[in-house]
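Me: Could you take a close look at one small sheet in this protein for me? I'd like the strands, how they pair, and a residue from the neighbourhood in sequence.

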Amino acid sequence: MSLREPQACVSGINLRPVVTNLNTTVKVAEGSTVSYSVAVTDADKYNAILYTVRASPEEGLDYYSVDNNGKVTTRKALDYEYTPLRTVTLYFDISDGFCKAPTSWLTIQITDVNERPKIIPNDIEITVYEGFINIDQFWKVVDPDENEYHTWSRTSTSSDLDVDDDTGSIFSKEEIDIDPNVKSKLYNLKVRVTDKGGLTADAIARITVLDKNDNEPIFDKAVFDVSANECTKPGTILSKVTATDRDSSFQGNDRLFYSGTGRYISVMSDGSVVLTSQCTAGINDDTLAHVTDQGQYPGPLTGVPATVTFSCSVSGVVTSGPSPTRQTVRPLPLFQSPYSSACQPCPTPPEPITTTTTAATSTTYTTSIYTSNTKNGFLDNLAWLVPAILLGIVLLSTLLYLLWRYCSAACTRCCLRRELLKTRSPKVQNVNVKPNEEPNVKPKTSVEKKEELPPPPPEPPCVVHNLLASGKIRILMNTYTDRNQINPPSHTALPASVAKDDEVAAIVLKEEMAEKEAIARERQEKIAKYEKEVNEYNEKIIGVGTQPSPKPPKRKVCNIL
């Protein structure tokens, strides 16, 4: 950097400027600014001092500047960790415009300053299950200083949780058990991290400990006594088994499921003991009852089974058990034991006994799990009954439609036959008779016998039959008396140029004409055949009587010719 080029130094007339505070090193702490003034003296008081500055490395001039008075200042904030040039040397060329002082230098060094660390994140929520807790380091310490070492500590008073000094991991001093009947427990753990310079940063971890399914259900008793008599109806609830789970209701940890099946009794899911088959007096049977909870983590647990002892007594007598609430089961009006040969009427039982205990007042009862609700059963059947009825209606409609089509076609054919017979029946000949005159009728002799009409020839195809019935066949016969008159339809003549140049077209045309002639001959043969049959039929009719032949009914033209 040059403000003005110096002039030549004249000996004895001008003196060189003298620099007193350069050729030294200045240390500047990061985060602070540089303010350093160069001290220059000149015996020539009236000459202005000129400064020319260069830096090593050259990028140092981006961080430092020198004004006209020789004051060095910073252009940017200085950060030891993020500034690539921690050391910069400035070289000064100083003159008074005539004489130049020797080149001087100034080295500036940025020194590291201990900065406060940070914990990220500084507020976090964690959820764990009860038991031994060991949470690995999940937060990060950010410290801009290099080669730092941090120490963790717990600042909150907690007897259950602590933090590792080196890693910051959270652990429990002993197994945490929040039972019984506690779903969760919250811990607020405050921690602190300290760097080697003594600066600290604080954070908090909010830890929620959830109830874990770690307790097996336990039956209230090892043996449950139940009893019935010969008249007890299957499906009757005899008693109930119970168990206890020390876990809370969180995620179904204390929800119990019972099971067990024996010869005469079954343990239902709610613990009810139900009679499944009729018993005979004197029978005893033992059944194992099982209980399992419905916990999700780490999974369901099964308790130690209990024994359900069943006994059967005589009708109307029930053995007493340890349960304070027991009812004499109302027997059926008539009961036939599977081991006896005759039905024996059960004695009339007493009214239900209500027993009052210190715990509660309970009335024993008899219910049946096999009794179905008639209303609910009807509603369940309605779901498939309605589609079945609709399908039946559709099938019945289809059947009626097919029957109608068949009957209508049969009736139509019957009516056509009837009309045909009416038209073929001979009509009575009208005889004109004048008044006072006898009709001129030749008496018929007994010798004369009316010759029966021969059966008509088989019906020809519909077109020919229709032509015969309408009298048009004679016109056709008169028109086509000569076979030679039946000429095939004329074809359009080919152009002269095509006929001369392409003989193949002529051959194809000839074959088509021969085919048409063969079809015409076949038609003529059919007409001659049908003409012969009609003539024979007319001769037979004329020879028998003078009545004209009835006209056959009109038929639909089929167009087979």
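Here is a walk through that part, after a few words on the whole chain.

Reply: Before anything else, this is a predicted model, where local features need pLDDT of at least 70 and side-chain atom pairs count only at pLDDT 80 or more, while totals for chains, interfaces and linings use all residues. Residues are numbered from 1 along each chain as its sequence is written, and side-chain values use heavy atoms, with hydrogens and water left out.

The protein chain has 5 helices and 31 strands (DSSP runs numbered from the N terminus: H or I of at least four residues for helices, E of at least two for strands). Of its 561 residues, 30% count as buried, meaning under 20% relative accessible area with a 1.4 Å probe, protein chains only.

Now the sheet. It is open, with 3 strands in the order 21-25-24 and antiparallel pairing; two strands pair if DSSP finds at least two bridges between them. Strand 21 (237-240) and strand 24 (265-267) are the edges, each pairing on one side only. On average, neighbouring strands here are turned by 25° against each other, direction ignored (the axes are lines fitted to C-alpha atoms). Strand 24 and strand 25 (residues 272-275) share 3 bridges, running antiparallel. Val-267, for instance, has Val-273 of strand 25 as its bridge partner.

Further along, Thr-287 sits in strand 26 (residues 284-293). Thr-287 is buried, at a relative accessible area of 2%. Leaving out residues up to four places away in sequence, Thr-287 touches Gly-260, Thr-261, Gly-262, Ile-265, Ala-306, Thr-307 and Val-308, where a contact means heavy atoms within 4.5 Å.

Notes. Buried means under 20% relative accessible area, exposed over 50%, partly exposed in between (1.4 Å probe, protein chains only). Axes are lines fitted to C-alpha atoms, for helices over the stretch in contact, and angles run from 0 to 180 degrees between N-to-C directions.
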